[in-house]
Each structure stands twice: as C-alpha cells, then as structure tokens.
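Trainee: I've got a chain open on my screen and I'd like to walk through it with you. Can we take it one question at a time?

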Amino acid sequence: MKEVVYTKNAPEPVGPYSQAVKADGFLYCSGMIAIDPQNNIFINGTIEEQTKQVMKNIKALLDASGYSFSDVIKTTCFLDDMNNFSKFNEIYAQYFTSKPARSCVEAKLPKGAKVEVEIVAHKGL
C-alpha cells in the first residue's frame, strides 16, 4: 500500500511530485534543497547554512512519517561544487550518525542551490 506524505513543515512541492511516499515499510523522500517552509523562500547562504536547512526539511518529513534519522538506509547527495564536500560532510555527519549507504555527486541544482539531499528510510530493520 502506498501513502503520500505531506507536511507544512517541509517545503511545498514545486512540480508534479510528492514530498515523500511511504510504501511497504519504506519511506522515499524527494530531494530537499534549502527552502524555508515557513515562508517558502530559498536560503541563498553558505554550504553550511544550506545543509542545515536541508536537514531540518528532511527531519520534518521523517517526523511527519513516524521515522527518524536512524531509520535512513540510503542517501543521495548532490553538491554544486565538490570543493564543498568537507564542509557538507561536517554538517551531514551530525544528523546521519547511523551512517547509511550514500552516493554523492556534483550537479547543477534548482534555484542555484549548493546542496540537495534525498533519502530512503525503512522501519524495522
């Protein structure tokens, strides 16, 4: 059974997609960039500032779904510049202490974002 997840505590989708979807114990979250859901404004700050907002957005989706960071089994991380890899990792490591599997690639991101992160989580592992 599939369930679309929505919370006002994460950014509104800007296209034909869901914030997240639950299916068979899994949670699939769309990529999050540094948009403040309170005012729907993109935070055009440092890699550290953007990464912290991305993690807040992910936490909101996890909370709304009944999951936590420790339930995350896979992340896909996109950076606009691999020179920010170390700074990104410093913030990322504070949230993903369970060390899920991860891919990290350089990409051109929406709104000129420096970072975007999507996750897959599972309950009961």
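**Touring the fold**

Mentor: Sure, and keep in mind that this is a predicted model. Start with N84: setting aside residues up to four places away in sequence, it touches I47 and L79.

Trainee: Okay, is N84 buried or exposed?

Mentor: First place it: N84 sits in the loop between strand 6 (72–79) and helix 2 (85–95). Buried means under 20% relative accessible area. N84 has 15% relative accessibility, so it counts as buried.

Trainee: What is the strand order in the open sheet?

Mentor: The sheet is open, has 6 strands and shows mixed pairing. Strand 1 (2–5) and strand 7 (101–106) are at the edges with a single partner strand each, so one side of each has no neighbour in the sheet. From one strand to the next, the twist averages 10°. Read across, the order is 1-2-3-8-6-7.

Trainee: How many bridges join strand 6 to strand 8?

Mentor: Those two run antiparallel, with strand 8 covering residues 115–122. One pairing you can look up is F78, whose bridge partner in strand 8 is E116. The number of bridges joining the two strands is 7.

Trainee: What angle does the direction of helix 1 make with that of strand 8?

Mentor: Helix 1 (residues 47–65) packs on the sheet. It touches strand 1, strand 2, strand 3 (26–32), strand 6 and strand 8. Its direction and that of strand 8 make an angle of about 25°.

Trainee: Let's look at V21. What separation do the C-alpha atoms of V21 and V120 have?

Mentor: V21 is in strand 2 (residues 20–23), and it is partly exposed, with a relative accessible area of 21%. Leaving out residues up to four places away in sequence, it touches K2, E3, F26, L27 and Y28. V120 is 99 residues from V21 along the chain, and their C-alpha atoms are separated by 9.8 Å.

Trainee: On to charges. Which residue meets K59 in a salt bridge?

Mentor: Side chains of opposite charge can pair when their charged atoms come close. K59 is in helix 1, and its partner is 4 residues away in that helix, about one turn. K59 is partly exposed at 40% relative accessibility, and its partner is partly exposed at 48%. With N to O at 2.8 Å, the partner is D63.

Trainee: Which residue forms a salt bridge with D71?

Mentor: D71 is buried, with a relative accessible area of 13%, and it lies in the loop between helix 1 and strand 6. Its partner is in the segment after strand 8, so the pair ties together parts that are 52 residues apart in sequence. The closest N and O atoms are 3.3 Å apart, and the partner is K123.

Trainee: What about cysteines: how many disulfides does a search of the whole structure find?

Mentor: A disulfide is a covalent bond between the sulfur atoms of two cysteines. The sulfur of C77 is 5.1 Å from its closest cysteine sulfur, in C104, which is too far for a bond. For C29, the nearest cysteine sulfur is that of C77, 13 Å away. The search of the whole structure comes up with 0.

Trainee: Last one: what relative accessibility does C77 have?

Mentor: Compare it with the cut-off again: buried means under 20%. C29 is buried, with a relative accessible area of 7%. C77 counts as buried too, and its relative accessibility is 0%.

Conventions: Residues are numbered from 1 along each chain as its sequence is written. This is a predicted model: local features need pLDDT of at least 70, side-chain atom pairs count only at pLDDT 80 or more; totals for chains, interfaces and linings use all residues. Side-chain values use heavy atoms; hydrogens and water are left out. Buried means under 20% relative accessible area, exposed over 50%, partly exposed in between (1.4 Å probe, protein chains only). Contact means heavy atoms within 4.5 Å. Two strands pair if DSSP finds at least two bridges between them. Axes are lines fitted to C-alpha atoms, for helices over the stretch in contact, and angles run from 0 to 180 degrees between N-to-C directions. A salt bridge is a side-chain nitrogen of Lys or Arg within 4 Å of a carboxyl oxygen of Asp or Glu. A disulfide is a pair of cysteine sulfur atoms within 2.5 Å.
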